[in-house]
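I opened the notebook to go through one model, element by element. The entries below follow the order in which I looked things up.

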Amino acid sequence: MGGDADGNALLSRRRQYDESDVRVRPGKGSRPRTKDRPAHLDAVEGMVVSVDRGRWGVVLGGDPHRPIVAMRARELGRTPIVVGDRVGVVGDLSGRPDTLARIVRVHDRETVLRRTADDTDPFERIVVANAQRLLIVVALADPPPRTGLVERALVAAYAGGLSPVLCLTKSDLADPDEFTAQFTDLDLPVMLVGRDDDLTELTELITDSVTALIGHSGVGKSTLVNRLVPDADRATGEVSGVGKGRHTSTQSVALPLPGGGWVVDTPGIRSFGLAHISAEDVVAAFSDLSAAVEDCPRGCTHLGPPADPECALDGLDGKSQRRAHAVRGLLAALTENEAW
Ligand SMILES: Nc1nc2c(ncn2[C@@H]2O[C@H](COP(=O)(O)OP(=O)(O)OP(=O)(O)O)[C@@H](O)[C@H]2O)c(=O)[nH]1
Ligand SMILES: [Zn+2]
């Protein structure tokens, strides 16, 4: 269904589901009322793999071999639709050149990697939806690793429900131990993923899931993506054009892994403001800590004395105590802003 480019069929489908069927309140900025939205029972499920100026690249059924280009149905208003979103699409689903389907539904997100331009920017942006993991790509040298950036990425990952993995490139240039020691108490998986390192372990970890990659320019992220997704450059061109014939290198793009699953490259992220994140969001990522903070007084920010003299995190011991200390270190990053 939907693959029928026949004009009449298309027209009748349009008639049936066109946004003009939706009763809207008159006046500027009017939005359809939820109860008046068409049900779109025939919508086909897909995943957003690219976004470019009002056009979304979607793969039907999550199958990289069934790409289409879609617009956002008017009834969705300005609902953000981002890479990784699971959507319902109707209309021309043939995927033929110059065809355009419509996204009529955006499903609830399981995870969100969010950022703001800086810590005071009230507008949060979702970098990628529904990614299970975040690979934080850091070079061990050239450029030297910066703890602050990793901390900020960790905060964003924990708060958004993604499992972070620290991926270290340029392992031929420096020893990782000193840098990684800072993160021991977080139980953060660390992998050496330099040019000459074996990627089997990483590949096994990420196959069949959706994994976002983030990293500062020059760390070797492209080198890594190209090893994970042979032909990544071509794939990027194919999915990021989304029908407009132009590649914008500043947008996130999902690339299919050969063994199944997706990596989402996130180029052009220059800042990683965390304005929208609370201590509670980060603590929630650790089961031992989130259980403990149930005993905190109301309004506790979990930073410990002097701000929070009765924080329950101070009553922990052993491994949880060390973890609480490490998480508080991350929370301190919330109060600073550093360009990514
Ligand atoms: N010594 C060493 N150099 C590497 C390694 N991986 C990548 N490089 C080099 O580091 C430079 C940057 O690599 P890219 O893969 O282009 O880095 P990137 O992070 O994608 O950077 P942008 O393209 O600027 O976003 C290149 O000159 C690579 O050859 C590595 O494991 N060891
Ligand atoms: Zn507390």
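Which residues does D265 touch, not counting residues up to four places away in sequence? I found L213, V225, S252, V253 and L255. The model is a predicted one, and I read everything that follows with that in mind.

**Entry: D265 and V264**

I placed D265 in strand β13, residues 262-265. I then asked whether D265 is buried or exposed. The count is 26 other C-beta atoms within 10 Å, and the cut-off for a buried residue is 20 or more, so D265 is buried. I also took one distance: D265 and S171 are 94 residues apart in sequence, and their C-alpha atoms are 21 Å apart in space.

I went on to V264. Leaving aside neighbours within four places in sequence, V264 is in contact with V83, G84, V128, A131, V210, T211, A212, L213, S252, V253 and A254.

**Entry: nonpolar core**

Which members of the largest nonpolar core touch the most other members? I noted V89, V264 and V282, in a core of 86 residues. Helix α2, residues 147-160, supplies the largest share of this core, with nine residues. In soluble globular proteins, nonpolar side chains tend to be buried together.

**Entry: helix α2**

I checked the length of α2. The helix has 14 residues and reaches 20 Å from its first C-alpha to its last, close to the 20 Å expected at 1.5 Å a residue. How many residues of α2 are buried? I got twelve of the 14, so α2 is largely enclosed by the rest of the structure. The buried set is L149, V150, E151, R152, A153, L154, V155, A156, A157, Y158, A159 and G160; the charged E151 and R152 are among them. After α2 comes G161, with a positive phi near 85°.

**Entry: helix α9**

I ran the length check on α9, residues 318-333. At 1.5 Å a residue its 16 residues should span 22 Å, and I have its end C-alpha atoms 24 Å apart, which agrees. Its buried residues are A324, A326, V327, R328, L330, L331 and A333. What do they pack against? I listed α2, α7 (279-283) and α8 (287-292).

**Entry: domains**

I looked up the domain assignment, which gives domain 1 as 7-106, domain 2 as 112-265 and domain 3 as 279-333. The contact between domain 2 and domain 3 takes nine residues from each of them. On the side of domain 2 that touches domain 3, I have five nonpolar, one polar and three charged residues.

**Entry: ligand 1**

Which residues are closest to ligand 1? I wrote down G194, R195, G220, S222 and T223, out of 14 that surround the ligand. By class the shell has two nonpolar, eight polar and four charged residues. Helix α5, residues 221-228, gives the largest share of the shell, three residues.

**Entry: backbone exceptions**

Most residues other than glycine have a negative phi, and most peptide bonds are trans. I searched for departures from this.

- The peptide bond from D142 to P143 is cis, with omega near 0°. I find P143 in the loop between β8 (133-139) and α2.
- P305 and P306 are joined by a cis peptide bond, with omega about 5°. I place P306 in the loop between α8 and α9.
- R53 is not a glycine, yet its phi is positive, near 40°. I locate R53 in the loop between β1 and β2 (55-60), and R53 is exposed, with 9 other C-beta atoms within 10 Å.
- D187 is not a glycine either, and its phi is positive at about 55°. I have D187 in the loop between α3 (177-181) and β10 (190-192); it is exposed, with 10 other C-beta atoms within 10 Å.

**Entry: D42**

I looked at D42 in the loop between α1 (7-17) and β1 (44-52). D42 is partly exposed, with 13 other C-beta atoms within 10 Å. Between D42 and E280 I have 238 residues in sequence and 40 Å in space, C-alpha to C-alpha.

**Entry: totals**

I closed with the whole protein, which has nine helices and 13 strands. Buried residues make up 39% of its 340 residues. Of the contacts with a separation of 6 or more, 66% are between residues 24 or more positions apart.

Notes
Residues numbered from 1 in each chain as written. Chains lettered and ligands numbered in written order. Predicted model: local features only at pLDDT ≥ 70, side-chain atom pairs only at ≥ 80, totals over all residues. Near = placed C-beta within 6 Å. Helix = DSSP H or I, 4+ residues; strand = E, 2+ residues; numbered from the N terminus. Domains from an automatic or database assignment. Contact = placed C-beta atoms within 7 Å. Core = buried A, V, L, I, M, F, W, Y, C linked by C-beta atoms within 7 Å. Expected span 1.5 Å × (residues − 1).
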